[in-house]
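This report walks through a set of paired strands and the residues that stand across from one another in them. The sequence and the structure are shown first.

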Amino acid sequence: MSLSLKQLTVYLTLLGLGGGAGVLGSRYLMAQPQGLNPPEAMPAVLEPLSPTRRTNRSAPANLNFIAQAVEQVGPAVVRIDAARQVSQDVPEAFRNPFFRRFFGNEMPVPEPRVERGTGSGFILESDGRIITNAHVIDGADIVKVTLKDGRTLEGRVLGADPVTDVAIIKIEAENLPTVRLGKAEQLIPGEWAIAIGNPLGLDNTVTVGIISALGRSSSQVGVPEKRVSFIQTDAAINPGNSGGPLLNASGEVIGINTAIRANAQGLGFAIPIETAQRIAEQLFEKGRVDHPYLGIQMVTLTPELRKEINQDQDAGLKVTQDQGVLIVRVVPNSPAQQAGLEPGDIIQKVGGKPIKTASDVQEEVEASEVGANLDIEVNRQGKTKMILVKPGSFPVNELQ
């Protein structure tokens, strides 16, 4: 059962030692930016195309690095069409016993409504394993997958993780073209970024821009229920691009295009490929993902926030530091409460690593293991305390 927007926002800010991310949207621009020819110093030589990656025409020798990347990766990008039936409830008035007696067998019966959506994905393995966004296939068990060569195949959804918005699909095919994976952790803002997908139903659309920023928290992106540290790019992304690859100048996949800020243009976001790959491996292995969860609500302290909290008599907290991560609330019966963490504690280290922001805490908790010991160093009323916490499994069902 879905929660109200207010309930969802309140609950999901209680993510295990980290804020989440949020409802992902995908708005994308259609025009490719001008004047983005690479400088002479930009490496443009890529590995030779394998036979499974060649298109029907021979590639000109003078392709720029963008075109070369597209020649390599384009055949492995797919369109995903998902459909699900949505039942419509009988209007409340007709549930009244009076109306039931009056209408008898002629009571109106709601007809199921079919919702359809289109997104993108890309082939990880030549045997037909595909990765995409969870919101692309939400509510569907079977989807239609259209390859660049025109074939349309039935795809089975093997698993989806709403916490990171990653899903996997399997189609029955062999010797399919695949992508090469790069490393998002090695990116530098200002590098080239290339997006391929099917925005607005326009298959195999290519847009280009740069890596605008790294490590954007899910709360910054506007999706606080997610657990992702996003790549920000100005490469145009529109509805239908979701699930498609974000490439570097060498044609390697560095992320999955997934979201934009609804109130801004030119701000696209992608899930780092390391995160997507880690989640995909768990989904392929066991069909689900266990996310470590502590159960706290927290904020990153600033001098202004400290002053505001101390002036709020209803807060019931007295903050003595300008920096750190303040625990505002502890979820009842959560691993955090069981371990002894309290509202007002200021987190200083997680797993022995100094932290500065709530996003830092979230990343360290996500990197821990469910049921394993995790050391949390806090400042409690001026005294340093070490709390041993055993993260539980994040209650994903609460997101449904």
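## Strand pairing

In strand β9, Phe230 is the bridge partner of Arg216. The model is a predicted one, and this pair of residues belongs to a pairing in which β8, made up of residues 205–216, runs antiparallel to β9 and is joined to it by 3 bridges. Strand β9 also runs antiparallel to β12, which covers residues 268–272, and 3 bridges join these two strands; here Gln232 stands opposite Phe269 of β12. Along β9, which spans residues 230–233, the side on which Phe230 and Gln232 point is opposed to the one taken by Ile231 and Thr233, and all of these residues are buried.

Another group of pairings involves strand β5, which spans residues 152–161 and runs antiparallel to β4, residues 142–146. Thr152 in β5 has Thr146 standing opposite. Strand β5 likewise runs antiparallel to β6, residues 166–171, and in that pairing Gly159 stands opposite Ile168 of β6.

Both of these pairings are hairpins, and the table sets out the residues between the strands together with the turn residue that has a positive phi.

| Hairpin | Residues between the strands | Turn residue and phi |
|---|---|---|
| β4 and β5 | 5 residues | Gly150, about 100° |
| β5 and β6 | 4 residues | Asp165, about 65° |

How many bridges join the strands of these hairpins? Between β4 and β5 there are 5 bridges, while β5 and β6 are joined by 6 bridges.

Definitions and conventions. Residues are numbered from 1 along each chain as its sequence is written. This is a predicted model: local features need pLDDT of at least 70, side-chain atom pairs count only at pLDDT 80 or more; totals for chains, interfaces and linings use all residues. Side-chain values use heavy atoms; hydrogens and water are left out. Two strands pair if DSSP finds at least two bridges between them. Buried means under 20% relative accessible area, exposed over 50%, partly exposed in between (1.4 Å probe, protein chains only).
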